[in-house]
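Student: Could you take me through the pockets in this one, and mainly the largest pocket? I'd like the cut-offs along with it.

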Amino acid sequence: MSTKDKLNEYTNHTGGAYGADTYGCIIGIEHGFNNHNHYRPYDNVRLSKKLRDKGLKPVILDEYSIKQNRHRVNKILGKNYQDNIAGNLQARNYHQVSNSHTVYCFSKKTSDTTISGGTNTALQLAIELGNEAYVFDVTTFEWWYYDMEQWKLIPCESPILDKQYAIVGTRDIEDYHVKDKRTGVWGSRPQYLGKEVEAKVKKAIAKLYEDTLKAMEEIYD
């Protein structure tokens, strides 16, 4: 079996959001990894513009599935997410993590066990469910691995992809326009981290795919 045939065994379980979710998909497709499930809750089904422009469609989670997932997240992590758009996006994280074997988070590392933003839910779920988890810190551009024996993130080299993987992370690495609620004017999000950070994160994502391909070629070709 060739490397090309084996690529069909890889699936990215992600969320269709702007930023890391989007680039994890687009860069993957550029490298021949075409299976990407973008899970969206029933009340917020819209994918990012770049994904929509490629004609990609979401995997829509119905109201019952989201209710179940929200209950699971609340129970596992001791949270109290409610039945609203924010809470249901957090519930969506359970579907991403439970369907993957390894989670690759792109976010700001905030401690030995946490990262910033909603992506921290994916990291904590991965830890609690016993999945492997990696973090690419978008401030230091370093990789970290969650070590189950030390119960903390430890420095590591750039990893390769698991066959069932989830590339998830911050929106702040993509420059897309939003409407200012005060003025009604469309413009860049103030949280955008800049072109240099965006380029480095995209390079790190590309390396994930490139190194995975190299490892496959050594085995199958």
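**The largest pocket**

Tutor: Sure: 21 residues line the largest pocket, and Gly117, Gly118, Thr119, Gly169 and Arg171 are the ones nearest its centre. Here a pocket is an open set of points on a 1 Å grid over the protein atoms alone, where a 1.4 Å probe fits, with protein on both sides within 12 Å along at least five of seven lines; a lining residue has an atom within 4 Å of a point. Bear in mind that this is a predicted model: local features need pLDDT of at least 70, side-chain atom pairs count only at pLDDT 80 or more, and totals for chains, interfaces and linings use all residues. Numbering runs from 1 along each chain as its sequence is written, and side-chain values use heavy atoms, without hydrogens and water.

The space in the largest pocket comes to about 430 Å³, counted as what probe spheres set on the points fill, with points joined across faces, edges and corners. Its lining splits into 6 nonpolar, 10 polar and 5 charged residues (Ala, Val, Leu, Ile, Met, Phe, Trp, Tyr, Cys and Pro are nonpolar; Asp, Glu, Lys and Arg charged; the others, Gly among them, polar). α5 (85–99) and β8 each give at least two lining residues, and α5 has the largest share, with 6 residues. These elements are DSSP runs numbered from the N terminus: helices are H or I of at least four residues, strands E of at least two.

As for the second largest pocket, its volume is about 280 Å³. Arg171 turns up in that lining too, along with residues including Tyr18 and Trp186, while β9 (residues 177–179) supplies the largest share, 3 residues.
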